[in-house]
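Work through the exercises below with the sequence and the 3D structure at hand. Try each task before reading its solution.

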Amino acid sequence: MALPKLAVYKFASCDGCQLSILDVEDHLLDIASVVHIANFPEASREVVEGPYDLTLVEGSITTPHDAERIHEIRRQSKHLVTIGACATAGGIQALRNWKDTDLFASIVYAHPEYLDTLHTSTPVKNHVEVNFELRGCPVDKMALVEVVAAFVQGRRPNIPEYSVCVECKRKGTSCVMVSNGTPCLGPVTQAGCGALCPSYNRGCYGCFGPMESPNTEMLAAAWQGLGVTHRGLVDAFRGFNAYAEPFRIASDHHEALAVAGGE
Amino acid sequence: MTSDVRKIDVDYLARVEGEGEMHVKVVDGKIEDVQFGIFEPPRFYEAFMEGRPFSEAPDITARICGICPVAYQMSSVHAMEYAFGTSVTGQLRSLRRLLYCGEWIESHVLHMFLLHAPDFLGYESAVHMAADHKDVVELGLRLKKAGNAIVTVVGGREIHPINVKVGGFYRVPTKKELETLVPELEWARDAAMDTIRLVSGFTFPKVEQDFEFVSLSHPLEYPFNEGRIVSNKGLDIAVSEWNDFFLEEHVERSNALHSRIRERGAYHVGPLARYALNFEKLTPAARDIALEVGLNPVELNPFKSIIVRGVETLYAIEEALRIIDQYEEPASPAVELNIHAGVGHGASEAPRGMLYHRYELASNGRILKAQIVPPTAQNQLTIEDDLMVVLEDSLELPDDELTWLLEQSIRNYDPCISCATHFLNLKVERINTK
């Protein structure tokens, strides 16, 4: 029986999430034995024609050409999974969504007229149907293996949707907010990294995006208790998952308060 | 007069990080034009960093590149520390070098085994190559893992490490944590020697160019984080003088700015440049094996960059072992910062070449202006020059072989197009008017 065909596509991104596939050193050749890596330009010159059984998409949609390309990829794909914060939430480049892109272009480039870019950076799900979203900036490489394995076995990936706090408790890491007074996004951020930052004496900065039904206002109040300003809250929510809805609403809210308060 | 047009279109240059485009035009057997274009959708990093706190620069700029995030973190923290008039010394400085060793190892090994070696051995990919050379691919994967392990222990994770901050680290590793890396690094030292001998046995096209090599140079060590910017044609400047000597231009075919040395033109950054300008600073074992396998102390054949990556991998492994051996846990994970308005410059050696950052900061430490010059943008003109030289010698090849050779020529530079870019469409257009 022919192996299921895997394709990997890149949009606006850093390449880190698809690199995670090559970073699974112990399992890379195993993966290649259960799926046919049919179209993965970062790894191979070979391009096997679609349709594909499983397509992994990295990156956000930021150009008119890419907004069309994603539809063609969807047509070629039986299952489409977004990998990482860019494909899932628009990425750090979604900061343009709050600004004037023409001004941005003129800051970086001498001839903005050579560019062909949209005014927004948006997640793939805003353009086509997505079958599963794998969070993270970057994704966790073993979670990526789980996604491929689940697909091959015909089941839903087993990926947690609870908060980073649960991971800290499991690891026995003491709470950086409670014990050190360090602002931490862990209570509103989805698990998946293994609560990495708190174990390095650092507050979580939200790589995996908002958890299911996060209480951003209760967290904001706790941060303000630690002396963080509204402007500081805007910075925190407007990070690598800035355009994910709960973080977007929270940052807009605190920006209005920062302006009103003359911060 | 008949007109005969030959065209080759390859929609993607594979086995590079990101996507770009090349257009080659040959008329009556003469090369008319060679363009290496970059169409990565612009992400506007320099623009959206305006107004952000200085402390976010290492985490934000890391996201420019998933393959060399440590380089972005290092250039940014050095620039910020320059602006605040401080520097990181002693064991904290050594830990930064150690982290960088990890990135060099994983990035160089990724490129040598998974991206570049398949060209020399005639395979579409390392997975195809594994069917006939499983032991070679497995050696590469294990060696790469040894580099990733360093980044994970010091940085927290291999892609976008979380432990780097302006002034030092959030938490420093214990001596015990670092010592867990030693057995595998000792294996890796031998494995790197085997790798150098293996790749030096490949067949190399006879191509040489009179490059202007540019890299950092430090009086005591092979350069990672610090030094003056020097070249083999007389350049010798402080990092803060970058904009006085280099020029960035925006040309229509590229969403990455092209760099030139003012009044001179193209230059070459990366392993070949570092090696040529710092050969004496390599460890004795790295120098010896380089000469043993036939490298020149100044190597002008860009295809031999794969051997030089091997030599730098060996150097990074030995340097990592030295740092771990001499490590004592510092009393504090970071130095205090005196935040004030200022301008900061930082340059460090990413695996694929020098990376320059410049920031203007307000008195509250927020970023007023950012400038980032990635290595692949600096190499764009040199890559085009190489393509021209390779083409001149190889026009008799059939289209498929010529296309592959040109792709390989680009891969000599391990281009990181996300740093600079996207879309690599390779087009060879041959027009015969006779």
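The exercises that follow go from strands to domains, single residues, cores and the contact between chains.

The model is predicted, so local features need pLDDT of at least 70 and side-chain atom pairs count only at pLDDT 80 or more, while totals for chains, interfaces and linings use all residues. Residues are numbered from 1 along each chain as its sequence is written, and chains are lettered from A and ligands numbered from 1 in the order in which they are written.

**Exercise 1.** Find the strands that pair with strand 4 of chain A, and say why strand 4 is largely enclosed.

Solution. Helices (H or I, at least four residues) and strands (E, at least two) are DSSP runs numbered from the N terminus, and two strands pair if DSSP finds at least two bridges between them.
- Strand 3 (residues 52-58) of chain A pairs with strand 4 of chain A in the parallel sense, over six bridges.
- Thr55(A) has Leu80(A) in strand 4 as its bridge partner.
- Between strand 3 and strand 4 of chain A the chain passes through helix 3 (residues 64-76), in a right-handed β-α-β crossover. Right-handed means that, with the strands pointing away from the viewer, the path from the first strand over the helix to the second runs clockwise.
- Strand 5 (residues 132-134) of chain A also runs parallel to strand 4, with three bridges; here Val81(A) stands opposite Phe132(A).
- Five of the seven residues of strand 4 (residues 77-83) are buried, so the strand is largely enclosed by the rest of the structure. Buried means 20 or more other C-beta atoms within 10 Å of the residue's own, with C-beta atoms placed from the backbone.

**Exercise 2.** Describe the make-up of chain B and its domains.

Solution.
- Chain B holds 15 helices and 14 strands.
- Of its 434 residues, 56% count as buried.
- The domain assignment, which is automatic or from a database, gives domain 1 (4-42 + 388-432) and domain 2 (45-378) of chain B.
- The centres of these two domains, taken over C-alpha atoms, are separated by 26 Å.

**Exercise 3.** Is Glu226(B) buried or exposed?

Solution.
- Glu226(B) sits in the loop between strand 6 (214-217) and strand 7 (228-231) of chain B.
- It has 21 other C-beta atoms within 10 Å, and therefore counts as buried.

**Exercise 4.** Examine the hairpin of strand 12 and strand 13 of chain B.

Solution.
- Strand 12 (residues 353-361) and strand 13 (residues 367-373) of chain B run antiparallel and are joined by six bridges.
- Tyr359(B) stands opposite Ala370(B).
- Five residues lie between the strands, and Gly365(B) takes a positive phi near 85°.

**Exercise 5.** How many residues has the largest nonpolar core?

Solution. Such a core is a set of buried Ala, Val, Leu, Ile, Met, Phe, Trp, Tyr and Cys residues joined through C-beta atoms within 7 Å.
- The largest one has 188 residues, and those with the most contacts inside it include Val57(A), Ile83(A) and Met80(B).
- Helix 4 (residues 90-121) of chain B gives the most to this core, 14 residues.
- Apart from this core lies another, of 11 residues, among them Leu402(B) and Tyr413(B).

**Exercise 6.** How many residues of chain A are in contact with chain B?

Solution. Contact means C-beta atoms, placed from the backbone, within 7 Å.
- 49 residues of chain A are in contact with 47 residues of chain B.
- Helix 1 of chain A gives the largest share of the chain A side, six residues.

Conventions
Buried ≥ 20, exposed ≤ 12 C-beta atoms within 10 Å, placed from the backbone. Contact = placed C-beta atoms within 7 Å.
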